[in-house]
Amino acid sequence: MTTVGRHARFRHPAAVAALLEACIIESDGDAQIIARTLAAIVHAQGVRDFSQRSGVSCRQLRRELTGRRPAQFATVLQVTRTLGLSLHLTATSRDGR
């Protein structure tokens, strides 16, 4: 697969949504794993370009998504919006299942 082909999957919102959904399920909600997955997606799209589109600085993206600093929820929301995604919640039972 070419470099363009490999990174093209990270540009389509449906593919990114499927990847992130699988990550959330497989990681059992581990925030660091989810942030690192977001970092890989941002990196594949080009951090500088993504930073300009999102309004989040390159430095902040790198620090928060690689785990050097805890990812702020506002940053995660901005990253997902820039990826063309929105977050949705589903009601579960009180014991979290």
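**Exercise 1. The surroundings of L65**

Leaving aside its neighbours within four places in sequence, which residues is L65 in contact with?

*Solution.* The structure is a predicted model, and the contacts are read from its atoms. Once the neighbours within four places in sequence are set aside, L65 is in contact with A35, R36, L38, A39 and V42, and also with Q60 and V79. The next step is to place L65 in its wider setting: the largest nonpolar core has 19 residues, and L65 is listed with L38, V42, L61, V79 and L83 as those with the most contacts inside it. Two or more residues each are given to this core by helix 2 (13-26), helix 3 (31-45), helix 4 (47-54), helix 5 (58-65) and helix 6 (73-82). Helix 3 gives the most, with six residues.

**Exercise 2. The two sides of helix 4**

Determine which residues of helix 4 are buried, and how they are arranged around its axis.

*Solution.* Begin with the list of buried residues in helix 4, which consists of V47, F50, S51 and S54. Viewed down the axis of helix 4, these buried residues fall within an arc of 105°, so they line one face of the helix. This agrees with a general rule: an α-helix has 3.6 residues a turn, so residues three or four places apart point the same way. Turn next to the face of helix 4 directed away from the buried side, where the exposed residues R48 and Q52 are carried. The buried residues, for their part, pack against helix 3, helix 5 and helix 6. Finally, follow the chain beyond helix 4, where G55 comes next with a positive phi, near 80°.

**Exercise 3. Helix 4 and its partners**

Work out how helix 4 is oriented towards helix 3 and towards helix 6, and which residues make each contact.

*Solution.* Take helix 3 to start with: its axis and that of helix 4 come within 6 Å and cross at roughly 100°. Because angles of 65 to 115 degrees count as roughly perpendicular, helix 3 and helix 4 are roughly perpendicular to each other. V42, H43 and Q45 of helix 3 make the contact with V47, D49, F50 and R53 of helix 4, and the residues of this contact divide into three nonpolar, two polar and two charged.

Now consider helix 6, whose axis comes within 10 Å of that of helix 4, the two crossing at roughly 100°. That angle makes helix 4 roughly perpendicular to helix 6. Here F50, R53 and S54 in helix 4 meet Q78, V79 and T82 in helix 6, a contact whose residues divide into two nonpolar, three polar and one charged.

**Exercise 4. Q45 and D28**

Decide for Q45 and for D28 whether the residue is buried or exposed, and describe where each is found.

*Solution.* Q45 lies in helix 3. With a relative accessible area of 7%, Q45 is buried, since the cut-off for buried is under 20%. Not counting residues up to four places away in sequence, Q45 touches F10, R11, F50, R53 and L83.

D28, by contrast, is found in the loop between helix 2 and helix 3, and with a relative accessible area of 72% D28 is exposed. Its backbone also deserves a check, as D28 has a positive phi of about 55° although it is not a glycine. Most residues other than glycine have a negative phi.

Terms used
Residues are numbered from 1 along each chain as its sequence is written. This is a predicted model: local features need pLDDT of at least 70, side-chain atom pairs count only at pLDDT 80 or more; totals for chains, interfaces and linings use all residues. Side-chain values use heavy atoms; hydrogens and water are left out. A nonpolar core is a set of buried Ala, Val, Leu, Ile, Met, Phe, Trp, Tyr and Cys residues joined through side-chain atoms within 4.5 Å. Buried means under 20% relative accessible area, exposed over 50%, partly exposed in between (1.4 Å probe, protein chains only). Helices (H or I, at least four residues) and strands (E, at least two) are DSSP runs, numbered from the N terminus. Contact means heavy atoms within 4.5 Å. Axes are lines fitted to C-alpha atoms, for helices over the stretch in contact, and angles run from 0 to 180 degrees between N-to-C directions. Angles under 35 degrees count as roughly parallel, over 145 as roughly antiparallel, 65 to 115 as roughly perpendicular and the rest as oblique. Ala, Val, Leu, Ile, Met, Phe, Trp, Tyr, Cys and Pro count as nonpolar, Asp, Glu, Lys and Arg as charged, and the others, Gly among them, as polar. The arc is that of the directions from the helix axis to the C-beta atoms.
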